[in-house]
Number of protein chains: 4
Amino acid sequence: MNLPKQISDAARGSEPKGEKGRLRVAAIMEAGVQVFTEKGYDAATMTEIAARSGTAIGSLYRFFPSKESLADALLLRYALHVKNGLAEMAQQVSELPLESVADAFVDFMLVLQSQRSFANSLVDARGASADERARFREVMRGGVADILRRAIPGLSPAKAKLMSVVLLHTLKGVVNTANEEPAIRAMLLTEIRELVRIYLASASGRG
Amino acid sequence: MNLPKQISDAARGSEPKGEKGRLRVAAIMEAGVQVFTEKGYDAATMTEIAARSGTAIGSLYRFFPSKESLADALLLRYALHVKNGLAEMAQQVSELPLESVADAFVDFMLVLQSQRSFANSLVDARGASADERARFREVMRGGVADILRRAIPGLSPAKAKLMSVVLLHTLKGVVNTANEEPAIRAMLLTEIRELVRIYLASASGRG
Amino acid sequence: MNLPKQISDAARGSEPKGEKGRLRVAAIMEAGVQVFTEKGYDAATMTEIAARSGTAIGSLYRFFPSKESLADALLLRYALHVKNGLAEMAQQVSELPLESVADAFVDFMLVLQSQRSFANSLVDARGASADERARFREVMRGGVADILRRAIPGLSPAKAKLMSVVLLHTLKGVVNTANEEPAIRAMLLTEIRELVRIYLASASGRG
Amino acid sequence: MNLPKQISDAARGSEPKGEKGRLRVAAIMEAGVQVFTEKGYDAATMTEIAARSGTAIGSLYRFFPSKESLADALLLRYALHVKNGLAEMAQQVSELPLESVADAFVDFMLVLQSQRSFANSLVDARGASADERARFREVMRGGVADILRRAIPGLSPAKAKLMSVVLLHTLKGVVNTANEEPAIRAMLLTEIRELVRIYLASASGRG
DNA sequence: GATGAATGAGCCTTCATTCAT
DNA sequence: AATGAATGAAGGCTCATTCAT
């Protein structure tokens, strides 16, 4: 796919050079996350990403042959990250009361947060390729749907999928609170927690 | 501010030229909405907006001295539009059962929809100025908060404001459903309606 | 096709602005011929062509939306020029002795000369679009074949076409002599004249 | 000059490394011919040439310190090759009827053909240095002139040189036929043979 | 000596904005 | 006031060449 060339090389074995390459890729990706987050996909420039990561523009293009490929890689990495997180959550969820599950969702978004808002720009602003964006959405929805079915026994797969879409959107609200003043933000988070809680409760009742 | 120059002129009195100017501004704004919606803020070009509105690029710049100012004006107009809609809703809301209020919110978003997604691009993609975006948010929140207080007697202003933020975000989900397949979309809307309903009900109970 | 936008505009009527545009297009094309000739298609830069024609790079792109389109336009113009020249020659040819026809061919190439070598770069170096290059070749061959049939009664169309290819190539040699020292060049031209002469004579005999 | 450094080294004596070096140089040159032929001088990249020859880019630059130097070396080698071919032809030519000499020229170009078109790119596209290109031309002309004097007794050196230029250009037409459809091509070749034949015959008569 | 990651000048192209007409 | 040609900064991207390992 759009994985950086170096990553696939590095996957085969990690010589000293691979090590340096990996560091560089990491630096670029970090810079990418930063710049995309700050400016949005279109306004972000490869030159700035290169500069911010201490890389020559040519080197950046060595690892990511296009702006889109960088966005894709970032999105993919993030998707993987989230997937793992959700998988973990899935394993603990069956033993948790529904309220805690709600909290877990919110907390999960809180943890992602910083890495998250850039994902929003890439997904919303058509930054990444259509494919990658679709994949991303699917991963998110699948992971959440899975948790929901464990948390709410008897929930049909279809219903879980539906809920995952709505829930995911609601949780996106958590990230958006980042722009509010701290005091307000805290209250907003509480409010969102409450909303998620009653959503799950309701579904549990209905289901 | 970023109001079109002609608008302030026109405010003073409407000579034939003012009339023509108003028409032209309207045409530009319509074209602006179209192009921003289709391409997003960054990818939209002033030249295309001018062409699409049958205006010379120079004239466009006479009315809107920068791309951002056009985005600002569009956002402002939209905010006003929404404000009115919400104000209308506010007047009917006190006599409605809470479920109907929930539906009204969703239906309202559905009505806005087309005009709405462009607003999202401008707000999310930093198309408009930070000021205008903030103003936009405030208008939305204020209007919704007002409705909430009427729909749910005893709701404190602060709580209403808080809820408006969360509710607004949830309702944004309505617009996003536009990308889903029709069958799925219908179910998603139902799901969102349900969520809004229980949210209001819960607030009513808690309040 | 790839005609400069301004040219088609100007074709409709020539207002003062059209006049300026035409001048500018002419300047650009002249600079294009120069630079393409000196450096070849690939090594030529749009920036230099712009500078050499006293045009801002943006303006250049207003008239010729891509490097290739400029090359195409240049080739087309040249093709038209040659076509006319050949058509003219065609009308005088039936009354001329074969030797004079041969000379006419060589002289014709001599006249074209300066404009010619750039055409060679564009055609040989894949500078222009494949279409335009094919069209160019066809025009040249058709024109020459036509002349041949008038000059050599009884020449079949197929044979004329064949001969036009060979003759055209031979005549290309005239242009190449431009790099030789004057004294040598004169003798080379005489030699080529002789070759063309005997080629025509032979064909006349054979035909 | 632009000879590969290793070649001069190798000239002194051939240690194992010299042997390996010579192989490598050969591989690079082969790849160079391929890539230059396929893409033309400008579009060819050193990286691809390196890859195609199984050589590290750094090594390529050890042998050929610049793209131009590689082109020069290729042209030189080709010139030598042609020189030998012409020398061979020269020895058989005195016993051949003039028609066969004409055919021999055409056949010779046919044989070179594949290696030839790359030379055209390098020479026409200014790929190689001006010096090397001049040298190349001289070699070709000298070789052909020599043959001409043997084939046509009494031909003055000056006249032979003159004819060689014209003849060489005509023969270049043989290579160009490669782009035509096979049926057409066959006829073109016949036509060229005929032209060369009468050219030689004429010179023989005149001489 | 071999390797290939790193470099950065420079290319083609776009587009917001200006200003002469 | 209207027009649209002109401008040039800036962006994404390529590739010849270098140099640390």
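Here are some notes on the DNA contacts and one chain–chain interface in this predicted model.

1. Let's begin with DNA strand F. The protein puts 28 residues around this strand, and the closest are Y61(A), R24(B), G58(C), R62(C) and Y61(D). Of the strand F atoms that come within 4 Å of the protein, 65% belong to sugar and phosphate.

2. Three side chains are worth a look on your screen. The side chain of R62(C) has a polar atom 2.5 Å from a phosphate oxygen of DNA strand F. For R24(B), the distance from a side-chain N or O atom to a phosphate oxygen of the strand is 2.7 Å. For Y61(D), the corresponding distance to a phosphate oxygen is 3.0 Å. As for secondary structure, the elements that give two or more residues to the surface near DNA strand F are α4 (57–63) of chain A, of chain B, of chain C and of chain D.

3. Which element gives the largest share of the surface near DNA strand F? That is α4(C), with 5 residues. Sorted by class, the surface near this strand holds 13 nonpolar, 9 polar and 6 charged residues.

4. Now to the interface of chain A and chain B. Chain A brings 30 residues to the contact and chain B brings 27 residues. Together the two chains bury about 2400 Å², with 61% of that area on carbon and sulfur atoms. On the chain A side, L162(A), H169(A) and E191(A) stand out: they supply 26% of the area that chain A buries against chain B, more than any other three residues.

5. How many salt bridges cross the interface of chain A and chain B? There are 4 salt bridges. One to inspect pairs E180(B) with R141(A), whose closest N and O atoms are 2.9 Å apart. Polar contacts across this interface come to 12 residue pairs, counting pairs with both residues at pLDDT 80 or more.

6. A last look at the side of chain A that touches chain B. Here α2 (16–39), α8 (157–176) and α9 (182–206) of chain A each supply at least two residues. The largest share comes from α9(A), with 11 residues. By class, this side of chain A has 12 nonpolar, 7 polar and 11 charged residues.

7. To recap for your own viewing: at DNA strand F, α4(C) gives the largest share of the nearby surface, and R62(C) reaches a phosphate oxygen at 2.5 Å. At the interface of chain A and chain B, α9(A) gives the largest share of the chain A side, and about 2400 Å² is buried between the chains.

Technical notes:
Residues are numbered from 1 along each chain as its sequence is written. Chains are lettered from A and ligands numbered from 1 in the order in which they are written. This is a predicted model: local features need pLDDT of at least 70, side-chain atom pairs count only at pLDDT 80 or more; totals for chains, interfaces and linings use all residues. Side-chain values use heavy atoms; hydrogens and water are left out. A residue is near a molecule or strand if one of its heavy atoms lies within 4 Å of it. A polar contact is a pair of N or O atoms within 3.5 Å; within protein, one must be able to donate a hydrogen and the other to accept it, and residues adjacent in sequence count only if both atoms are side-chain atoms. Helices (H or I, at least four residues) and strands (E, at least two) are DSSP runs, numbered from the N terminus. Ala, Val, Leu, Ile, Met, Phe, Trp, Tyr, Cys and Pro count as nonpolar, Asp, Glu, Lys and Arg as charged, and the others, Gly among them, as polar. Contact means heavy atoms within 4.5 Å. Buried area is the accessible area (1.4 Å probe) that two parts lose on being put together, summed over both. A salt bridge is a side-chain nitrogen of Lys or Arg within 4 Å of a carboxyl oxygen of Asp or Glu.
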